[in-house]
Structure formats: C-alpha cells, structure tokens
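This report introduces a single protein chain to a reader who has not met it before. Please keep the sequence and the structure in view while reading.

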Amino acid sequence: MTTPEPPRYRVNPSPIGDILIVTTGEGIVTLHPFDGTLHSELERIALRLRALPVPEDEPGQDDGPDPVAAAAAVQLDEYFDGTRREFDVPLDWRLVRGFTRAALQAVREIPYGETAGYGEVAIAAGSPRAARAVGTACATTPFSIVVPVHRVVRADGSLGEYGGRPEMKQYLIDLERASDV
C-alpha cells in the first residue's frame, strides 16, 4: 500500500497580500489571502486536512512544481491584471459539505463585475430562506477569489464583512468593475 501524497502549497503575492494555494491530487483544496504567519496558516489547514502541506518545491518531490498551483498562480496574476474573468482550475471540495457547497456553486455563477445578494444566492442554491447560511458559506469558504464570494453583498447593496476585511472586498469589486468597461 502506497502512502498518499501530502498536500502541497505555494504562496503567491498579489495586490491584496499573499495568497496561499494548497493542492491535493484532486485539485485546489484551499486558496485564500492570509494575514498571519505562514506557519500558523499551515497548522490551521493541517488540522482540517489531517496532513501538513509541504512546499511544492520541497526536496524529494520528483515531479517538480505542482501544475495546478502553477496554473492557479498564473490565473490569479491575470485576474489582478484585469485580463482574466473566470478561473478554470480544478477544485477539491473535501472541506465543503452540504448546503455550503450548493451555495458556493451558485456563487460561481455570478458574472464578473456584478454582485448578487445573499438571498439571491440562496434562491439559486435551491433554499430561498437560507440567506444567512449563504453568509456563513461565504465567510467559511476555502476558496477565495476563484469562487467569487466577494461578489455577494447584503440586500441593501452594502458590502458586508468579507472575513473582517471589507476593504479587500471593495478592492476586488472595484477591480472587476474597472476592467469591465
């Protein structure tokens, strides 16, 4: 019996700070900006995955850089340059369960440069009365930017928190609206 490959990671710089990309053999298992130390972030993810991610270029990795992480990094750079409107990297949904997955799948349908309310996403996800659950799904998503939870706003059009960083959400919305002209 062979031991499964550990998750691999890379850190990609961006205008909103460093973005951690963690992959498995299935695809991206988490991709999000982070504030704290890389060590703390990796420990948090290791608890959820029950495996410590290793750097994609760690010695002993015979297959070189992770192609999914590399593609994600290129696509993120293109997104921040205003030349990419959607992401086409494989996602590993193992950390997402139940309605959260339905909500995040519905979020993926919000067009570039547009926003939708939590209630609208709840309807699209098949549970019209689950606007609060959509908020929870967006707040706990393992996939920032590539699943555009920043496009989900309150019913009155105000932004909401975006993980306590509303300025980041505003930046992403402004970026999309500026390159949508």
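The paragraphs below treat the chain as a whole, then its pockets, and then a selection of individual residues.

**Overall architecture**

The model described here is predicted. The protein chain contains six helices and six strands. Followed along the sequence, these elements occur in the pattern β-β-β-α-β-α-α-β-α-α-β-α.

How does the radius of gyration of the protein chain agree with that of a compact globule? A compact globule of 181 residues would have a radius of gyration near 16 Å, and the protein chain has 16 Å, so the two agree. Along its principal axes, the C-alpha trace spans about 50 × 35 × 30 Å.

Of the 181 residues in the protein chain, 48% are buried. The chain exposes about 9600 Å², and carbon and sulfur atoms supply 51% of that area. Among contacts between residues at least 6 apart in sequence, 58% join residues at least 24 apart.

**Pockets**

The largest pocket has a volume of about 520 Å³. It is lined by 25 residues, of which H32, A139, T141, S144 and G163 are the closest to its centre. Four elements each give two or more residues to this lining: strand 3 (27-33), helix 1 (38-49), helix 5 (131-140) and helix 6 (166-179). By class, the lining of the largest pocket comprises eleven nonpolar, seven polar and seven charged residues.

The second largest pocket holds about 280 Å³ of space. Its lining has 14 residues, and those closest to its centre are E5, P6, P7, T24 and G25. In the lining of the second largest pocket, six residues are nonpolar, three are polar and five are charged.

**A buried residue in strand 3**

L31 lies in strand 3, one of the elements that give two or more residues to the lining of the largest pocket. Is L31 buried or exposed? With a relative accessible area of 0%, L31 is buried, because the cut-off for that class is under 20%.

Which residues does L31 contact beyond its neighbours within four places in sequence? They are I19, L20, I21, A72, L76, P142, F143, S144 and V146. One of these contacts, S144, is also among the residues closest to the centre of the largest pocket. The C-alpha atoms of L31 and V147 are separated by 9.4 Å, although the two residues are 116 apart along the chain.

**Two residues with positive phi**

Most residues other than glycine have a negative phi. R50 has a positive phi of about 60° although it is not a glycine. I145, likewise not a glycine, has a positive phi of about 70°.

R50 is in the loop between helix 1 and strand 4 (54-55), whereas I145 is in the loop between helix 5 and strand 6 (152-153). R50 counts as exposed because its relative accessibility is 77%, and exposed means over 50%. I145, by contrast, is buried, with a relative accessible area of 1%.

**Residues of helix 6**

Helix 6 also gives two or more residues to the lining of the largest pocket. Q170 belongs to this helix, as does D174, and A178 is found there too. Q170 counts as partly exposed because its relative accessibility of 30% falls between the limits of 20% and 50%. D174, at 41%, also counts as partly exposed. A178 is exposed, with a relative accessible area of 55%.

The table sets out a C-alpha separation for each of these three residues.

| Residue pair | Separation in sequence | C-alpha separation |
|---|---|---|
| Q170 and G160 | ten residues | 9.8 Å |
| D174 and P15 | 159 residues | 13 Å |
| A178 and E161 | 17 residues | 22 Å |

**Summary**

In this predicted model, the protein chain has six helices and six strands, and its radius of gyration of 16 Å agrees with that of a compact globule. The largest pocket, of about 520 Å³, draws part of its lining from strand 3 and helix 6. L31, in strand 3, is buried, while A178, in helix 6, is exposed. The two residues with positive phi described above also divide in this way: R50 is exposed and I145 is buried.

Technical notes
Residues numbered from 1 in each chain as written. Predicted model: local features only at pLDDT ≥ 70, side-chain atom pairs only at ≥ 80, totals over all residues. Heavy atoms only, no water. 1 Å grid on protein atoms, 1.4 Å probe; cavity = no way out; pocket = protein on both sides within 12 Å on 5 of 7 lines; lining within 4 Å. Points joined across faces, edges and corners; volume = space filled by probe spheres on them. Nonpolar A, V, L, I, M, F, W, Y, C, P; charged D, E, K, R; others polar. Rg over C-alpha atoms; globule rule 2.2 N^0.38 Å. Buried < 20%, exposed > 50% of the residue type's maximum accessible area, 1.4 Å probe, protein only. Contact = heavy atoms within 4.5 Å. Areas by Shrake-Rupley, 256 points an atom, 1.4 Å probe, with all protein chains shown as cover.
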